Amino acid sequence: MSQGKPLAAFSSAYRRHRISMGLLLLAICGSMADTTQAQSATTLQQKQSAVNFNIPSQPVGSALNAFADATGWQVSVPTEIAAGAQSPGLAGGHTPEEGLQTLLIGTGLTYHMAGSQMVTIGPGPLLAAPPTVMMAQGEGSASPNEGMLEQGQSAQKPVKVPEIVVKDMKERSESYTADDTSTATRIPVPIQDVPRSVETVTRQVMDDQKIIRMDQALRNVSGTSMPSTQGGRAGDFMIRGFRSDLNVFKNGFREDSTFGARASRDVANLQNIEVIKGPPSYLYGRSDPGGVINQITKDPLRTRYYSGELIFGSYGLYRPNVDIGGPMNDSKTLTYRFNGVYENAQSYREGVKSERVFLAPTFGWEASSRDTFRLELEYLYDRSPIDRGIVAVGDGPANIPISRFLGDPTKQDTINQGKATLVYLHEFNAMWKWRTALRVAVTAEDYNSLESWFMDDASGILSLAQFHIPTLVQSNYMQNEVHGKFSTGSIKHKLLAGVELGWEYSKQNVLSDSADFANLNTIDIYNPSYSFRSNQLVSQFNGSTRNQIVGVYAGDQIDLLENLHMHVGGRYDYFYQKQSQDPSLFNETGGTDKQTDNHFSPSVGLNYQPIKQVAIFANYTQSFAPQPTISRSASGQLFKPETGEQVEGGFKFQFFEGKLRSTLAAFDIKKKNVLTADVSQGPGSGFSIATGEQQSTGFEFDVAGQVFPGFEIIANYAYIKARVSQDNTFAVGSRLPNAPLNQGSLWATYFFQEGIVKGFGAGVGMYAQSQRNGIFQCQDPTACQAQFELPGFVRMDAALYYRKPEVFNKTNLLAAINFTNLLDQRYFTGSQNFREIVYTGAPLTVLGSIKLEFN
């Protein structure tokens with residue numbers, strides 16, 4: 001489909017589904033008048049009617065579960081806030097709000113009404129019992145639970161609360177921000193207390209922006225982006241100016257773009273995405289120094305929830321998905337969650353068609369009050385062409401339509417990807433827990449492409465190379481951890497100590513005609529003809545890689561005072577890599593290369609809060625990343641790992657009882673031991689020396705949350721100077737590729753709170769990057785490709801919403817139209833360090849969505 005007809009494409013997609021959608025909307029309209037009056041009366045009656053409670057004293061999380069079951073209210077409470085708090089229990093007949101107040105007596109928690117039957121739990125002043133409860137207790141009862149405790153001592157045992165959401169919210173909640181993080185310390189800690197820069201993209205942000213791929217969500221995090229998609233696959237990420245494919249995790253397990261995920265990452269089963277800035281090796285092992293991206297998946301549900309959504313729009317996109325969950329037995333000790341997606345789409349890129357299936361079931365089992373299991377499965381099928389974008393001509397991207405596909409779009413890359421994760425938690429007592437987790441991932445990829453290889457600027461003729469690369473990758477990881485929560489005198493500790501064992505394997509055979517320069521297919525980028533011949537493909541690499549990993553790590557979040565927090569941590573890594581090659585075009589004899597690295601990565605940070613709303617923090621952290629085994633010095637020796645170190649400091653602010661949060665951070669990161677060419681051996685020798693250094697300095701600002709009821713915002717800005725500081729090949733002082741000096745994003749939504757327009761809303765946003773270097777700039781321009789620049793851009797986005805709770809009985813309606821690149825700006829997201837690979841941004845794209853939730 002041509003670039004200039006996105007609205008027509010949207011309309012066409014809409015017409016294909018107009019019959020079913022028309023019937024649905026007709027039914028909705030017909031039921032509105034009948035249900036609104038009854039709904040209002042029912043809600044008022046439910047809120048004011050007394051409920052007979054029989055909830056023993058127990059941990060507050062499980063007490064709130066019982067409250068939600070008894071009342072039908074939806075209750076949301078972060079796990080970290082509920083941990084360790086004991087509810088006094090509740091007995092007798094009370095209104096739900098009176099009962100909730102009683103359950104929270106002495107816990108240090110309070111509640112906020114998010115709707116007529118919806119509450120969120122947060123830290124606050126100790127609550128006194130409501131008068132009616134106190135009067136009832138005064139008539140012959142010293143405690144609401146005295147009689148209950150005699151029924152069984154099991155009420156005194158810790159009760160496991162495995163989920164963050166006790167009851168799913170049926171209406172929109174204030175959720176552009178998160179209260180706690182588990183990524184920065186591997187255990188839940190309030191974000192305000194963590195001495196590091198932590199940013200969260202919540203599920204609500206993803207839903208409002210209609211995000212379907214993980215990389216799209218990163219616009220909401222300062223200094224973070226994905227400039228290279230690796231041809232439309234898992235991609236490389238930029239964090240604080242440093243490129244990486246190592247630093248992506250899911251639930252704390254490595255999900256890099258080599259051994260963990262080959263296809264672009266779907267968000268269907270994600271609850272949050274957390275980005276921790278700076279070197280993460282102190283808990284996560286080998287990594288680049290920019291930061292870590294951790295995807296947190298949805299939990300199994302204790303209450304029934306069913307939803308179906310259809311997303312459709314420009315370029316033939318058709319994406320139905322379901323999200324269902326609930327208990328599997330009467331005692332609710334067995335729970336599940338299932339997210340499923342089918343996606344079929346074309347593209348603004350000529351001839352590109354794609355298809356995807358994503359299935360993600362998750363199961364929870366409370367085997368006892370102290371033991372829980374969680375099994376999470378994923379399967380992904382993805383089929384799409386390898387798309388390397390357009391090319392550079394002169395000092396910038398070629399002046400050709402961004403829709404032009406420079407290759408053969410009929411050749412498809414097919415990926416089948418599966419994962420299984422099993423987590424076991426055991427509570428020894430209120431202070432100590434044990435966690436064992438196992439993750440197994442297997443991916444089979446059949447890579448087929450005819451893609452850009454080298455360009456003749458003068459003639460406009462682009463040579464194309466054909467590839468067929470069958471690949472099998474596997475990774476197995478096991479983590480064993482002990483979690484402690486205790487005090488030494490007045491000092492409180494949250495301790496983590498663990499061992500991680502890993503095994504990674506990759507086998508591939510690179511078949512290509514790329515070395516036969518005289519017989520390569522070609523295409524005229526200005527006047528393309530898509531008639532290609534099939535050449536004989538020769539094996540250029542046929543081999544396997546095996547990695548063995550042992551990591552021993554520990555961290556302690558220490559509350560020195562109520563307003564003074566420290567985190568100390570470190571990890572020792574043993575990393576063994578072995579590469580075996582069969583004879584091929586570039587290695588006629590084959591052979592085996594081995595390398596072993598050992599490294600310790602420390603971290604220390606301090607957080608001081610002069611007042612509750614402000615935190616001042618600083619930290620020092622390190623990272624390491626092993627060098628590839630194929631790299632050699634002139635003497636044949638291997639190289640020590642790349643290392644990184646960061647000094648960071650800044651401020652955190654929270655307003656309106658934590659509903660609005662912001663972070664301002666300044667940092668200085670150095671990446672050392674970077675391989676650079678050994679010029680003493682002459683040009684093109686292939687030998688390296690590890691004397692290179694890169695440095696990134698700058699500051700970042702992030703803000704997210706609710707400004708006032710109905711108005712939410714998430715915005716960021718980053719100023720980053722990422723430069724080559726030492727090198728033998730690249731120009732010292734030159735900017736690193738794809739690292740803009742200025743980068744920022746804004747997204748805001750407003751929903752009307754009352755009147756006939758209640759439920760309607762709108763969103764508006766922008767995303768901007770300044771000029772970037774397309775490739776490294778060389779000291780000797782004749783020694784490598786000529787430098788080019790990617791122009792800066794500002795992209796505008798918008799959305800319209802309509803949300804109607806209880807549009808039918810126990811059924812909610814959510815509808816939206818999202819506009820991406822509203823002004824149809826021509827822009828480029830990044831390059832892949834070659835002039836022949838420049839990735840384009842999509843033109844105006846319109847997505848419609850309609851979702852029904854059933855409770």
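A residue is called buried when its relative accessible area is under 20%, exposed when that area is over 50%, and partly exposed in between. With this definition in hand, the tour can begin; please note that the model is predicted.

**Stop 1: a disulfide**

Select cysteine 778 and cysteine 784, which are joined by a disulfide with an S to S distance of 1.7 Å. The count of disulfides in the model is one. Are the two cysteines buried or partly exposed? Cysteine 778 has a relative accessible area of 10%, so it is buried. Cysteine 784, in contrast, reaches 28% and is therefore partly exposed.

**Stop 2: a sheet of three strands**

Next, select residues 224-228, which form β11, and residues 242-244, which form β13. Together with β12 they make an open sheet in the order β11-β12-β13, and the pairing is antiparallel. β11 and β13 stand at the edges; each has a single partner strand, so one side of each lacks a neighbour in the sheet. On average, neighbouring strands here are turned by 35° against each other, with direction ignored.

Now add β12, residues 236-239, which is joined to β13 by three bridges. Which residue of β13 stands opposite phenylalanine 237? The residue to display is serine 244. As a general point, the strands of a sheet pair through backbone hydrogen bonds, in either a parallel or an antiparallel manner.

**Stop 3: a strand with two faces**

Move to strand β33, residues 614-625, which pairs with β34 in the antiparallel sense over 12 bridges. Within this pairing, asparagine 619 has glutamate 648 of β34 as its bridge partner.

Then select β34 itself, residues 642-655, and show its side chains. In a regular strand, side chains alternate between the two faces of the sheet. The covered face of β34 consists of Glu642, Gly644, Gln646, Glu648, Gly650, Lys652 and Gln654. The uncovered face consists of Thr643, Glu645, Val647, Gly649, Phe651, Phe653 and Phe655.

**Stop 4: an enclosed helix**

Select helix α5, residues 96-103. Why is this helix described as largely enclosed by the rest of the structure? The reason is that six of its eight residues are buried. To see them, highlight Pro96, Glu98, Gly99, Leu100, Thr102 and Leu103.

**Stop 5: threonine 840 and its surroundings**

Select threonine 840 in strand β45, which spans residues 838-840. Its relative accessibility is 11%, so threonine 840 counts as buried. Its side chain and that of tyrosine 348 are joined by a polar contact of 2.7 Å. Apart from neighbours within four places in sequence, threonine 840 is in contact with Tyr348, Arg349, Ile390, Ile402, Tyr827, Phe828 and Thr829.

**Stop 6: salt bridges**

The model has a count of 41 salt bridges. Begin with aspartate 256 and arginine 286, whose closest N and O atoms are 3.7 Å apart. This pair links distant parts of the chain, 30 residues apart: aspartate 256 is in the loop between β15 and β16, and arginine 286 is in the loop between α10 and β17. Aspartate 256 is buried at 1% relative accessibility, and arginine 286 is buried at 6%.

Continue to arginine 435 and glutamate 481, a salt bridge with its closest N and O atoms 3.4 Å apart. Here too the pair links distant parts of the chain: arginine 435 lies in strand β26 and glutamate 481 in strand β27, 46 residues apart. Arginine 435 is buried at 12% relative accessibility, as is glutamate 481 at 1%.

The next pair to select is arginine 795 and aspartate 797, with closest N and O atoms 2.9 Å apart. Arginine 795 has a relative accessibility of 12% and is buried; aspartate 797 has 4% and is likewise buried. Finally, display Arg213, Asp266, Arg319, Glu343, Arg356 and Asp382, which are joined into one network by salt bridges that share partners.

**Stop 7: two lysines with positive phi**

Most residues other than glycine have a negative phi. Against that background, select lysine 332, which has a positive phi of about 60°. Lysine 332 is placed in the loop between β19 and β20, and at 16% relative accessibility it is buried.

The last selection is lysine 810, where phi is near 55° and thus positive. Lysine 810 lies in the loop between β42 and β43. Is lysine 810 buried or partly exposed? Its relative accessibility is 46%, so lysine 810 counts as partly exposed.

Terms used: Residues are numbered from 1 along each chain as its sequence is written. This is a predicted model: local features need pLDDT of at least 70, side-chain atom pairs count only at pLDDT 80 or more; totals for chains, interfaces and linings use all residues. Side-chain values use heavy atoms; hydrogens and water are left out. A disulfide is a pair of cysteine sulfur atoms within 2.5 Å. Buried means under 20% relative accessible area, exposed over 50%, partly exposed in between (1.4 Å probe, protein chains only). Two strands pair if DSSP finds at least two bridges between them. Helices (H or I, at least four residues) and strands (E, at least two) are DSSP runs, numbered from the N terminus. Axes are lines fitted to C-alpha atoms, for helices over the stretch in contact, and angles run from 0 to 180 degrees between N-to-C directions. A polar contact is a pair of N or O atoms within 3.5 Å; within protein, one must be able to donate a hydrogen and the other to accept it, and residues adjacent in sequence count only if both atoms are side-chain atoms. Contact means heavy atoms within 4.5 Å. A salt bridge is a side-chain nitrogen of Lys or Arg within 4 Å of a carboxyl oxygen of Asp or Glu.
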